[in-house]
Amino acid sequence: MLLEVKNKKIFAIVIILVTIALIHFFYNVGQYEGFSSNRIGLEMFYNFNGCGIFLPFYILLGFLTNNIVSDNFYRYRKNKFQNFITVREGKKKRMIKEIKIVLLSSFIVRLLLHVIVFFIINEFFADINLKFIGDPSYYPEAFFAFSHNSVISFVFYILYSCIGFSIISLFLYSIIWIIKNQYVYKISGILVSIIFVLIPAFIGNMWLANAGPRCYFETGFLYLIYSAGLLSPGIEVLKVNSNMIINHLYFYIGIIGFLILSIVCIGISIRRGSQYD
């Protein structure tokens, strides 16, 4: 137990150091040095969190979705002592307890990552100005993705990205009884975060190529399986759109989609009778 706690502390330190290194790397390759615009700090923050502009941090997020808490549950799923506890508590009660832990832990970790990234960029690279007044069309779309007020939009982004990260983590938790190989499960978060970007993007490229500017229904359908819509809400979009209400709607559609996938995967596990072997 003490060794596990120590390993988790080392893991957390490594993640923080890797995040700082990625910010420094992004600042250099993003050619932000020398710019004095008051929007550079916030633009850098949003771009750093988006997979379309900077993939490494997005991959790190994918890796963390199942390696914060769910990985422990995966390793303990055939542990005799854990099975004994499960029998005493009841499988349903135990699962609900684990789901709560996954959701809460994931939300907190994503929020802490936001705090670290915000602090590092603001203190060492460029001041992050949250208040922009004027025509939103003059600024990057992420600044006003969820509101005409850039501060409120930023708050929504932080909240949504933390919730989205938790939902993806829940989906990764739901497949711990389906994936048999431990090493495959270790990288399953990365695979899910990438595959569920490529598939809707590929379909959308064919499906929406000749669609009109108001093809909200067709685009919304793809958001059911679009992981970037949860990990980078408002930053990574399948089709450019200036309607803030639609951006909110797409986010909730993504939540519904991955919740359905999670329920289906848990149902498959229960049918196979392998939930707590």
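**Reading the helices, core and ring pairs**

Colleague: Let me start with one residue. Leaving aside its neighbours within four places in sequence, which residues is Phe45 in contact with?

Modeller: Once those neighbours are set aside, Phe45 is in contact with His114, Val117, Phe118, Ile121, Ile128, Phe154, Tyr157 and Ile158. Keep in mind as we go that this is a predicted model.

Colleague: Okay. And where does Phe45 sit, in terms of helices?

Modeller: Phe45 is one of the buried residues of α2. The others there are Ile40, Gly41, Leu42, Glu43, Met44, Tyr46, Asn47 and Phe48. Helix α2 covers residues 40–48, and nine of its nine residues are buried, so it is largely enclosed by the rest of the structure.

Colleague: Let's zoom out. How many helices and strands does the protein chain have?

Modeller: There are 11 helices and zero strands in the protein chain. Reading along the sequence, you get the pattern α-α-α-α-α-α-α-α-α-α-α.

Colleague: What share of the residues of the protein chain counts as buried?

Modeller: The protein chain has 277 residues, and 47% of them count as buried. Its accessible surface is about 14,500 Å², with 68% of that belonging to carbon and sulfur atoms. For contacts, take those between residues at least 6 apart in sequence: 77% of these join residues at least 24 apart.

Colleague: How should I read a nonpolar core?

Modeller: The general idea is that in soluble globular proteins, nonpolar side chains tend to be buried together. In this model, the largest nonpolar core has 70 residues, and the members that touch the most other members are Ile23, Phe45, Tyr46, Phe48, Phe57, Phe171 and Tyr173. Helix α7, residues 150–174, gives this core its largest share, 12 residues.

Colleague: Since α7 came up, at what angle do the axes of helix α3 and α7 cross?

Modeller: Helix α3 spans residues 55–65, and its axis comes within 9 Å of that of α7, crossing at roughly 50 degrees. That crossing makes α3 oblique to α7. On the α3 side the contact is made by Leu61, Leu64 and Thr65, and on the α7 side by Phe165, Ile168, Ser169 and Leu172.

Colleague: Now aromatic pairs. How do I read one?

Modeller: A pair of aromatic rings is described by the distance of the centres and the angle of the planes. Searching the whole structure turns up 29 aromatic pairs. Take Phe146 and Phe156: their ring centres are 6.5 Å apart and their planes lie at 50 degrees, so this pair is tilted. The pair links distant parts of the chain, with Phe146 in the loop between α6 (91–125) and α7, and Phe156, 10 residues apart from it, in helix α7.

Colleague: Are those two rings' residues buried or partly exposed?

Modeller: One of each. Phe146 has 5% relative accessibility, so it counts as buried. Phe156, at 27% relative accessibility, counts as partly exposed.

Colleague: What about a pair with another angle?

Modeller: Try Phe196 and Phe258, an edge-to-face pair with 65 degrees between the planes and 5.5 Å centre to centre. Here too the pair links distant parts of the chain: Phe196 is in helix α8 (residues 182–207) and Phe258 in helix α11 (residues 244–272), 62 residues apart. Phe196 counts as buried at 17% relative accessibility, and Phe258 is buried with a relative accessible area of 0%.

Colleague: Which residues do ring pairs link into a cluster?

Modeller: A cluster of ring pairs is made up of Phe25, Phe26, Phe48, Phe54 and Phe57.

Colleague: Last topic: residues far apart in sequence. Which residues does Ile163 touch, not counting residues up to four places away in sequence?

Modeller: With those left out, Ile163 touches Phe107, Phe251 and Ile255. Ile163 belongs to helix α7 and is partly exposed, with a relative accessible area of 27%. Its C-alpha atom is separated by 8.7 Å from that of Arg110, 53 residues apart along the chain. The C-alpha atoms of Ile163 and Ile108 are separated by 9.7 Å, and these residues are 55 apart along the chain. Ile108 lies in helix α6 and is partly exposed, with a relative accessible area of 40%.

Colleague: And one more case, from α11?

Modeller: Ile260 is in helix α11, and at 45% relative accessibility it counts as partly exposed. Ile260 and Leu224 are 36 residues apart in sequence, and C-alpha to C-alpha they are 9.2 Å apart in space.

Methods
Residues are numbered from 1 along each chain as its sequence is written. This is a predicted model: local features need pLDDT of at least 70, side-chain atom pairs count only at pLDDT 80 or more; totals for chains, interfaces and linings use all residues. Side-chain values use heavy atoms; hydrogens and water are left out. A nonpolar core is a set of buried Ala, Val, Leu, Ile, Met, Phe, Trp, Tyr and Cys residues joined through side-chain atoms within 4.5 Å. Buried means under 20% relative accessible area, exposed over 50%, partly exposed in between (1.4 Å probe, protein chains only). Helices (H or I, at least four residues) and strands (E, at least two) are DSSP runs, numbered from the N terminus. Contact means heavy atoms within 4.5 Å. Rings of Phe, Tyr and Trp (its six-membered ring) pair if their centres lie within 6.5 Å; planes under 30 degrees apart count as stacked, over 60 as edge-to-face and the rest as tilted. Accessible areas come from the Shrake-Rupley method with a 1.4 Å probe; for residues, only the protein chains shown count as cover. Axes are lines fitted to C-alpha atoms, for helices over the stretch in contact, and angles run from 0 to 180 degrees between N-to-C directions. Angles under 35 degrees count as roughly parallel, over 145 as roughly antiparallel, 65 to 115 as roughly perpendicular and the rest as oblique.
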